[in-house]
Protein chains: 2
Amino acid sequence: MKVVKFGGSSLASGDQVKKVFDIVTSDPDRKVVVVSAPGKRYPEDCKVTDLLIELGERTLRGEEAPEYLSAVIDRYSQVAAELKLPAEIVSKIEKDLIQLLNADKTVQARYIDAIKASGEDNNAKLIAEYFKSRGIEASYINPKEAGLLVEENGGTALVLKKSYENLKSLRKRSGILIFPGFFGYNEASEVVTFSRSGSDITGSILANGIEADLYENFTDVDAVYSVNPNVVSNPKEIRELTYREMRELSYAGFSVFHDEALIPAFEAGIPVHIKNTNNPEAAGTRIVNERKNTNGPVIGIASDDDFCSIYVNKYLMNKEIGFGRKLLSILEDFGLTYEHSPSGIDDLSIILRQKQMNAETEELILERIRTDLKPDEVTVEHNLSLIMMVGEGMRHNIGTAARASKALAEARVNIEMINQGSSEVSMMFGVKEAQEKKAVQALYEEFFVGVYA
Amino acid sequence: MKVVKFGGSSLASGDQVKKVFDIVTSDPDRKVVVVSAPGKRYPEDCKVTDLLIELGERTLRGEEAPEYLSAVIDRYSQVAAELKLPAEIVSKIEKDLIQLLNADKTVQARYIDAIKASGEDNNAKLIAEYFKSRGIEASYINPKEAGLLVEENGGTALVLKKSYENLKSLRKRSGILIFPGFFGYNEASEVVTFSRSGSDITGSILANGIEADLYENFTDVDAVYSVNPNVVSNPKEIRELTYREMRELSYAGFSVFHDEALIPAFEAGIPVHIKNTNNPEAAGTRIVNERKNTNGPVIGIASDDDFCSIYVNKYLMNKEIGFGRKLLSILEDFGLTYEHSPSGIDDLSIILRQKQMNAETEELILERIRTDLKPDEVTVEHNLSLIMMVGEGMRHNIGTAARASKALAEARVNIEMINQGSSEVSMMFGVKEAQEKKAVQALYEEFFVGVYA
């Protein structure tokens, strides 16, 4: 039994929905289909979810926004027309949406969530109708009825454990089940949406709940690439990736999907298969618990910019018990998270995402450090990039650091920082932003070109 | 004007004192001579200071210890005899020592300090007599009279700022001034000794106080070596070393002397010249503020063992504000200092000197980490060595990391940790203790062999 999730671009038009139909019906194991709201048909297009948010917020402010309402309805109309579905389905969607817009506005977050979630919810209804129109037994499943219960936590939904037990009964339903992604219901039967990549989370929860053999995640790329295709053209595709590798890669800019979405599937040991709706024959990428290493030490290289480094120097620092802790406490007082803290005898650097500070808070932080820690020197270096090399094959692999630093040296990249020693499956380099692209290319060249066919 | 300091082995016998005489009198700028207590004449010999400590502690406990008293007096007798000094000088020393042993024992630390310090004090008196017997104008200087004032801080002496002003007047004294190392006087006119390498500290303070042009530190090696001669035979000598390089090297096992002893000289910008009493013609090593780089990126390689690593893993750790701070707080509660903390996305390691924990405290610490931080995993890896590569030439030197890690890879050394990014003049590698020697040899081979003549 498989859970199959389709992203917004896979459902952006009637033609796309037909592809989804073909994919789902080509494999009798594809039982549960999780759908997103219609996404972009072309780069400048608007996602239905974004239209709904705008519509909801304007209505909340008491503004009329008929153009957004009709833009949303138009999208469904077009899809319905392309799929030759009766117009009735679209009037139902419109009625439903108007009802949501007129609902109680006391709790603004719940009001907006219900409108946002309607993008997926109505799409699931429409797609179920299409499957039926093609003579396939299929039904729309409402998350409340199925028991996908959540609690609100910091603005987004967190699944409750009992949901898994509830969802298990979906196994017994006959036909294909079309399930809207992105939201669940709280104990008060209100809609609460998941964070970013919410449909991925729904699919992952369902895979866990119905004890699926596989969670197929259909998107618009043939595979996860070993490196960002904007940095290296035609990079190698990754066939198999462990959960841990996925997590380390997604940390530094790999955005195929949000790795935390995979937790429910990961906890149940269910493999995830990333595939392309537009090219379902492509092998895709499997995310698994363990993999055979056929690729040398490195499986992927990711990078992200916009980091900075706070450098603190104080003679005899390493004799001062609590120095590092006090420095981290100051960052914590300002609500900052840090990525790494390389240290020397008399100096300590803290690498963090610089968007967490503006010029003013930066000055306040430096002032606190000066006052509380009395350092000899404290400075900030801006515009650093972190490059993450990831691979299970790096465990105890002698020479990976040597190959990487040699490749960077030959590319005339100055390594500002090396972070190796905690994770066994990754190694991190800090470089100036201006050298990031060159550095990633050099590492790719070293570890991928000529490595496998 | 120069301050010249001689260590214990340089003063262990009459023959050694004659060498000291020749060295001092060969240069009219050698004005202030700081002396240690007589040290070891051969590897199994006892240092006078160690005999004095044993003598003092036994007497404090109410035990008779005539053998230690006579062992101390014997050492001075032998030196005096070899130098053909009148026996009277030795009886004076004996009288002085017996007086100290009979002194008030209320404050045990002061009682012991006075006995310990007598090793240097009496040696200074003896050497001044010898210089005079050779027809040279010389005088013993008492630190109290000269105004070397200290306060007791955590068991050891800390120099008071006003001492420098007091000591300045020594410039005006005529002849050679023989000054005992290792101690000063507190405001109550009691002896307080400096920490380890106390005579180096006295020399450094005097150099600052009399505004010396040079602080010459005579010991029993021709120079500071680029690497431990027990690991690499006949290693290159270092001709010039910056204070910062010295500090980074001494951190990880370079024990020519305690780098903190140099602070007073360093603050006054006075260069230090390390020379060999037994081979004064040798060029020695100069410690300076800035040096010309004639040696490639690395000036020295030091290493030390007996480190361990506490590894903590927790899914989504990097989202948890304060995680690192809480971990460091736990270490602080146990009074532990740490050296470095490499981090991954979901993991954090703390490298520390393992002698700080026994099996019991280690378990208590792990338990606290488990209880307070609820990690997915916490383990300790023992028996690690840290290897420190130091050199001003490493600032922005592209390729140093590459050469180092390549050399280690070729020697089949597995790098457990790389710490680079805070200090610009050092790079640290963590390896298993069993691989330390091989690693240091490989790095030496890479950066020194064939580099300069």
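Good morning. I begin with a detail of chain A: in the hairpin formed by strands S4 and S5, which leaves two residues between the strands, A:Gly154 adopts a positive phi near 60 degrees. The structure I am presenting is a predicted model. Around that hairpin, S4 covers residues 150-153 and S5 covers residues 156-159 of chain A, and the two pair in the antiparallel sense over four bridges. One of the bridge pairs joins A:Asn153 to A:Thr156 in S5(A).

Let me now turn to the overall layout of chain A. Its domain assignment gives domain 1, residues 2-219, and domain 2, residues 300-449. Taken over C-alpha atoms, the centres of domain 1 and domain 2 of chain A are separated by 41 Å.

Chain A contributes an open sheet of eight strands, in the order S3-S6-S2-S1-S9-S13-S14-S12, with mixed pairing. At its edges are strand S3 (138-140) and strand S12 (240-242) of chain A, each of which pairs on one side only. On average, neighbouring strands of this sheet are turned by 20 degrees against each other, direction ignored. Within the order just given, strand S1 (residues 2-6) and strand S2 (residues 30-35) of chain A run parallel and are joined by five bridges. In that pairing, A:Phe6 stands opposite A:Val35 in S2(A). As a general point, the side chains of a regular strand alternate between the two faces of the sheet.

The next topic is how the two chains are related. A turn of 180 degrees, with a shift of 0.0 Å along the axis, lays chain A on chain B with an RMSD of 0.1 Å. This is therefore the relation of a two-fold axis. Both copies use the same surface, since 100% of the contact residues of chain A recur in chain B.

What is the extent of the contact between chain A and chain B? On chain A, 56 residues are in contact with 56 residues of chain B. The area buried between the two chains is about 4,900 Å², and carbon and sulfur atoms give 53% of it. In chain A, the residues that lose the most area to chain B are A:Arg247, A:Ile345 and A:Ile398, together 14% of what that side buries.

A second sheet includes strands from both chains. It is an open sheet of 10 strands with antiparallel pairing, in the order S16(A)-S15(A)-S17(A)-S19(A)-S18(A)-S18(B)-S19(B)-S17(B)-S15(B)-S16(B). Its edge strands are S16 (347-353) of chain A and S16 (347-353) of chain B, each pairing on one side only. From one strand to the next, the twist averages 30 degrees. Inside this sheet, S15 (residues 300-313) and S17 (residues 377-390) of chain A pair in the antiparallel sense over 11 bridges. There, A:Gly300 stands opposite A:Val390 in S17(A).

Finally, I come to the helices that lie across these strands. Helix H9 (residues 243-251) of chain A lies across S15, S16, S17 and S19 of chain A together with S15 and S16 of chain B, running at about 140 degrees to S17(A). Helix H11 (residues 323-333) of chain B lies across S15 and S16 of chain B, at about 25 degrees to S16(B).

Why is helix H9 of chain B described as largely enclosed by the rest of the structure? Eight of the nine residues of this helix, residues 243-251, are buried, so the rest of the structure largely encloses it. Among the buried residues are B:Tyr243, B:Arg247 and B:Tyr251. Thank you for your attention.

Key:
Residues are numbered from 1 along each chain as its sequence is written. Chains are lettered from A and ligands numbered from 1 in the order in which they are written. This is a predicted model: local features need pLDDT of at least 70, side-chain atom pairs count only at pLDDT 80 or more; totals for chains, interfaces and linings use all residues. Side-chain values use heavy atoms; hydrogens and water are left out. Buried means under 20% relative accessible area, exposed over 50%, partly exposed in between (1.4 Å probe, protein chains only). Domain bounds come from an automatic or database domain assignment. Two strands pair if DSSP finds at least two bridges between them. Axes are lines fitted to C-alpha atoms, for helices over the stretch in contact, and angles run from 0 to 180 degrees between N-to-C directions. Copies are superposed by least squares on the C-alpha atoms of residues with pLDDT of at least 70 in both. Contact means heavy atoms within 4.5 Å. Buried area is the accessible area (1.4 Å probe) that two parts lose on being put together, summed over both.
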